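Open the model in your viewer and keep the selection tool at hand. Each stop below says what to select next and what is there.

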Amino acid sequence: MTRSGPWARAAARNNAEWCDALCRAHGLGAGTFGGRAWTHPRRTPPYYPDAVTLAPEASAEQVLDGIDRSAPGCSVKDSFAALDLTGHGFEPLFDAQWIHRPADAPAPPLAGAAPWEPVRTAAGLAAWETAWSGGAPMDLFRPALLTDPATTVLAGRAPDGRIVAGAVVSHSADPGVVGVSNVFGADPWPGCLAAVTRLWPGTPAVGYEHGDDLTAALHHGFTATGTLRVWVSRV
């Protein structure tokens with residue numbers, strides 16, 4: 001599959017929809033979905049891009065003209081590693097791989113662990129974020145996400161009820177995929193994928209990872225489908 005193949009495009013679109021949902025949860029309003037890029041006119045929350053390309057043909061102007069570049073720090077998710085933004089004051093932050101897991105892939109065994117379940121309350125979401133961040137509350141994942149029909153925050157718990165693992169799952173109706181992001185915990189993929197298979201049966205999963213997290217995802221049935229690059233502005 002080429003870097004502009006259907007699963008890379010589906011993953012990019014799904015990821016842009018998730019970024020848009022997070023922006024709306026922060027009260028920033030919706031971004032703009034164009035034919036080749038999603039952009040947001042206001043500076044997005046930490047760790048989240050100000051633009052996501054949706055097609056490899058996206059130009060620098062189509063991406064940069066729709067974002068706030070008034071101060072350093074804005075970022076672009078170049079979904080097909082096709083842009084060169086160095087002449088616009090950007091530099092690469094990291095590369096990663098889009099990943100895809102087929103709808104008919106069996107869920108890995110849980111080996112006696114409790115099933116992962118959706119987070120339903122603001123207090124539960126705060127506890128989830130504390131576990132995700134390693135103990136530092138960040139106010140990044142806000143309660144408005146709990147009422148977003150496309151977003152599900154999953155939690156894996158220890159026998160004493162503490163949240164020790166989790167992920168965010170974002171569902172895209174067109175194309176019909178679930179995007180898995182913010183996966184954390186000790187060997188989290190079996191619990192995560194068991195929940196995804198149970199809650200969204202017959203739906204392929206997509207996402208992106210790099211480094212050891214990519215190795216773990218590939219071990220659990222994902223396939224790398226294309227390279228993405230995140231650029232950050234230094235001027």
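Select R43 first. This residue is partly exposed at 27% relative accessibility (buried is under 20% relative accessible area, exposed is over 50%, and partly exposed lies in between, with a 1.4 Å probe and protein chains only). Add D50 to the selection: the two side chains form a salt bridge, 3.7 Å from N to O. A salt bridge here is a side-chain nitrogen of Lys or Arg within 4 Å of a carboxyl oxygen of Asp or Glu. D50 has a relative accessible area of 1% and is buried.

A note on what is on screen: this is a predicted model, in which local features need pLDDT of at least 70 and side-chain atom pairs count only at pLDDT 80 or more, while totals for chains, interfaces and linings use all residues. Residues are numbered from 1 along each chain as its sequence is written, and side-chain values use heavy atoms, with hydrogens and water left out.

**More salt bridges**

How many salt bridges are there by this rule? The count is 10. Select R9 and E57 for another one, with the closest N and O atoms 3.7 Å apart. R9 sits in helix α1 (residues 6-25) and E57 in the loop between β3 (51-53) and α2 (60-64), so this pair ties together parts 48 residues apart in sequence. Helices (H or I, at least four residues) and strands (E, at least two) are DSSP runs, numbered from the N terminus. Both ends of the bridge are partly exposed: E57 has 43% relative accessibility, and R9 has a relative accessible area of 30%.

Next select R234 and E91, whose closest N and O atoms are 3.0 Å apart in a salt bridge. The pair joins distant parts of the chain, with R234 in the segment after β11 (223-233) and E91 in strand β5, 143 residues apart. R234 is partly exposed at 48%, and E91 is partly exposed at 37%.

To see a network of salt bridges, select D20, R24 and D148 together.

**Strand β11 and its neighbours**

From R234, step back to β11 and show the backbone. Which strands run beside β11? β5 pairs with β11 in the antiparallel sense over 10 bridges, and β4 pairs with β11, also antiparallel, over 4 bridges. Two strands count as paired if DSSP finds at least two bridges between them. To find the register, select F90 with its bridge partner in β11, S233, then D78 with its partner R229.

Keep R229 selected and add F80, which lies in the loop between β4 (75-78) and β5 (90-101). The C-alpha atoms of F80 and R229 are 7.2 Å apart, although 149 residues separate the two along the chain. Is F80 buried or exposed? F80 is buried, with 1% relative accessible area.

**Strand β7**

Select β7 (residues 151-157), where 6 of the 7 residues are buried. On one side is strand β6 (residues 117-118), antiparallel to β7 and joined to it by 2 bridges. β7 also pairs antiparallel with strand β8 (residues 163-172), over 7 bridges. L154 is a useful anchor: P118 is its bridge partner in β6, and A167 stands opposite L154 in β8. The hairpin of β7 and β8 has 5 residues between the strands, and G161 in this hairpin takes a positive phi near 95°.

**The cavity**

There is 1 cavity of 30 Å³ or more, with about 90 Å³ of space in the largest cavity. On a 1 Å grid over the protein atoms alone, a cavity is a set of points where a 1.4 Å probe fits but cannot get out, and lining residues have an atom within 4 Å of a point. Grid points are joined across faces, edges and corners, and the volume is the space filled by probe spheres set on the points.

Select the lining residues: R101, P102, A103, A105, L193, V196, T197, W200, P201, G202, T203 and A205. Helix α4 (residues 189-199) gives the most to this lining, with 3 residues. By class, the lining has 8 nonpolar, 3 polar and 1 charged residues. Ala, Val, Leu, Ile, Met, Phe, Trp, Tyr, Cys and Pro count as nonpolar, Asp, Glu, Lys and Arg as charged, and the others, Gly among them, as polar.

**The whole chain**

Finally, zoom out. The protein has 5 helices and 11 strands, and 50% of its 235 residues count as buried. Its C-alpha atoms fill a box of roughly 55 × 40 × 30 Å along the principal axes.

Note on methods. On a 1 Å grid over the protein atoms alone, a cavity is a set of points where a 1.4 Å probe fits but cannot get out, and a pocket is an open set with protein on both sides within 12 Å along at least five of seven lines; lining residues have an atom within 4 Å of a point.
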